[in-house]
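I set out to record what I looked up in this model, entry by entry. The notes follow the order in which I worked.

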Amino acid sequence: MNRSPQPLPAVSYDVWANIASFLPSKALQGLYSVNQALFNLSMDERYRRLDLSNPGDESTRTFLQRLRSDDQFRIRRVRELILSIRAFGFFPGLDNFDWRASLSKNGLDAVYYNLSQKQKKKSKKKAGKLAEAESSLVLLQETLNVIRAIPELQRCVIQGAFPAPGHGSSYGIAFPLVLAAWSASKSTMRALELEVPVEVLSEILPPQLAFDGLEHFGINLNITYRSTDAMEMLLSTMVPFISRHQSTIRSFALRTSEHLHLTPFFKSLPSIPLLRDLEIEQGYVSTLQTDTIGLHDFLIRHAEQLKNLTLLFDGLGLHLVRDKLMEDWPQHPCLHVSYPNLHRLSFGLHNFPQDFGEKIQQSLDDFWTPKLRHFKLAVNLEADQVDIVLSKIPKDVELASLSLAVETLEPELFDTLSTRLPHLVDLEVEVTSGKLVGLETAAHEPPTDDHDSDSESGSEERVTTTAEDEGRRRQFVTNMEQRNYANWPLRHLTVSLSSLPVTEDPLDMVITKRAIASALPNLQILQFRYKSILLKDHVYDFQF
């Protein structure tokens with residue numbers, strides 16, 4: 001008996017939303033014609049972010065024009081705002097515009113321009129610079145009105161370093177746009193990121209600014225003028241702002257490469273009862289000149305509640321201080337705090353001495369906890385140094401995920417990791433030299449003059465280098481083929497390089513991948529990522 005096909009059961013919107021969460025942004029935006037659910041999800045993704053980092057760009061102006069209509073279809077989907085203060089400072093004709101006086105007189109409704117009034121006709125004599133300034137002010141006011149009309153603004157990123165002298169003299173012209181964002185998002189803002197000079201914090205964070213449900217606050221702190229009293233700015237602006245949100249903040253990030261005495265700041269911060277994620281990056285000169293007692297005090301107060309912790313230190317005085325080996329580094333108070341509930345740890349040292357493995361190992365002694373599952377080590381190491389760092393991990397710490405950086409990828413690294421981390425499932429290795437031992441990549445080089453007197457010797461060097469690379473590749477493959485990590489549950493391996501390969505998948509790459517995969521029989525995904533030198537942020541992914 002023939003039966004007619006039964007229609008597929010309806011798939012709920014939540015299921016489609018879950019599927020969409022795994023798709024790249026561009027792919028999701030192209031699925032608007034599949035069904036009603038994917039149409040809405042596609043439109044949500046297309047208009048999710050209002051990016052004003054380059055407001056003069058034609059695509060940005062087109063995007064703003066779409067949001068200016070009275071139809072709420074698009075603007076109600078905006079969730080994120082990226083605003084570059086510096087970019088608006090390059091608008092022409094605004095050098096003499098006093099936005100403070102205009103804001104005090106006209107408010108946000110007409111701080112730049114009264115769009116409701118009829119434009120007076122200008123004589124040809126005045127049509128030049130006056131028309132240019134008026135055009136800029138009209139665009140600013142229209143942009144401000146769009147920002148104020150966003151009903152569900154949840155995340156905001158404010159950017160903009162001071163321009164060079166003589167360029168972008170109207171730097172502060174965009175501050176009313178920031179105030180407009182605050183007025184539109186008092187009840188909806190969830191995450192705020194600041195990437196501005198400390199000199200303008202008081203303009204960005206006015207005394208009475210408060211959001212009902214702010215959960216994340218992050219700041220990239222930099223100082224433009226050496227005469228600036230940065231600590232006074234932090235104590236008078238940032239500390240009160242954080243205090244007003246101490247009952248809602250769950251994530252806090254302070255990033256700076258400046259050498260600042262941050263102890264007064266950390267000691268002035270209130271306890272944040274819901275804090276779960278903490279990221280601290282600060283400049284470091286020496287054990288005598290860099291004080292971490294305040295950071296230690298803040299960490300002690302929140303140690304039991306932290307789930308995710310990032311600590312990064314940027315070495316600033318390696319060539320300036322007497323103690324170049326930083327012998328007393330492991331004695332810093334901030335390194336000696338226990339975190340009973342820590343789940344994810346990222347620890348990094350930039351521009352620190354080489355052969356620092358033993359000191360890193362001593363630095364990490366108090367971080368190991370049985371609940372720790374994910375560890376990122378942002379330090380450039382050799383394989384033997386990795387072994388030293390991981391040599392004293394307690395047996396009750398079962399790391400499932402590890403990210404680390406090495407000069408070159410050696411078979412001995414897999415020996416170390418399989419021994420020290422027997423429960424590891426996911427591994428990401430960044431090869432900082434841009435080359436793998438056994439998988440050599442060549443960056444694009446500029447053309448050279450064939451008549452150069454050194455061309456012949458240079459050619460000989462390249463031939464020698466190629467032969468050496470080939471020898472190392474063969475040795476790597478041979479060594480990997482002799483290994484078998486059948487008892488190691490590693491399933492995901494990602495290797496990142498900074499150089500672009502000459503060809504996408506040459507034979508030697510296939511052979512090397514095969515050697516790695518055969519030694520790791522439990523591997524499900526083997527991925528090589530190449531960041532192009534010529535194409536910014538372009539990544540080539542090769543799945544094995």
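Entry 1. I began with a bridge partner: L254 is matched in β7 by I280. The model is predicted, and I read every entry below with that in mind. L254 belongs to a pairing that I then looked up in full: strand β6, residues 251-255, runs parallel to β7 and is joined to β7 over five bridges. I next followed the chain between the two strands and found that β6, helix α12 (residues 263-268) and β7 form a β-α-β unit that is right-handed.

Entry 2. I turned to the other pairing of β7. Eight bridges link β7 and β8, again in the parallel sense. Here I280 stands opposite L311 of β8. The connection from β7 to β8 goes through helix α13, residues 293-302, and I noted this β-α-β crossover as right-handed.

Entry 3. I asked how far β7 is enclosed by the rest of the structure. Of the eight residues in β7 (residues 277-284), six are buried, so the strand is largely enclosed.

Entry 4. I then looked at the loop between β7 and α13, where L288 is located. Is L288 buried or exposed? Its relative accessibility is 82%, and because the cut-off for exposed is over 50%, L288 counts as exposed. I also looked up a distance for L288: D328 lies 40 residues away in sequence, and the C-alpha to C-alpha separation is 9.2 Å.

Entry 5. I moved on to β10, residues 374-381. Six of the eight residues in this strand are buried, so β10 is largely enclosed by the rest of the structure. On one side of my list of pairings is β9 (residues 344-350), parallel to β10 over five bridges. Within that pairing, F347 stands opposite L377 of β10. The path from β9 to β10 passes through helix α14, residues 357-363, in a right-handed β-α-β crossover.

Entry 6. I looked up the pairing of β10 with β11 (residues 401-406) and found six bridges and a parallel arrangement. F375 is the residue opposite L402 of β11. From β10 the chain crosses to β11 by way of helix α15, residues 383-389, and this β-α-β crossover is right-handed.

Entry 7. I examined the largest pocket, whose volume is about 670 Å³. Its lining comprises 34 residues, and those nearest the pocket centre are V379, N380, L381, A405 and T432. Which element supplies the largest share of the lining? I found that β10 does, with six residues. Elements that each supply at least two lining residues include β8 (308-315), β9, α15, β11 and β12 (426-431). I added β13 (492-497) and β14 (525-531), which also meet that count. By class, I recorded 14 nonpolar, eleven polar and nine charged residues in the lining.

Entry 8. I closed with the cysteines. How many disulfides does the model contain? The count is zero, with a pair of sulfur atoms required to lie within 2.5 Å. I looked up the accessibility of two cysteines. C156 has 0% relative accessibility and therefore counts as buried. C334 is also at 0% relative accessibility, so I entered C334 as buried.

Technical notes:
Residues are numbered from 1 along each chain as its sequence is written. This is a predicted model: local features need pLDDT of at least 70, side-chain atom pairs count only at pLDDT 80 or more; totals for chains, interfaces and linings use all residues. Side-chain values use heavy atoms; hydrogens and water are left out. Buried means under 20% relative accessible area, exposed over 50%, partly exposed in between (1.4 Å probe, protein chains only). Helices (H or I, at least four residues) and strands (E, at least two) are DSSP runs, numbered from the N terminus. Two strands pair if DSSP finds at least two bridges between them. A crossover is right-handed if, with the strands pointing away from the viewer, the path from the first strand over the helix to the second runs clockwise. On a 1 Å grid over the protein atoms alone, a cavity is a set of points where a 1.4 Å probe fits but cannot get out, and a pocket is an open set with protein on both sides within 12 Å along at least five of seven lines; lining residues have an atom within 4 Å of a point. Grid points are joined across faces, edges and corners, and a volume is the space filled by probe spheres set on the points. Ala, Val, Leu, Ile, Met, Phe, Trp, Tyr, Cys and Pro count as nonpolar, Asp, Glu, Lys and Arg as charged, and the others, Gly among them, as polar.
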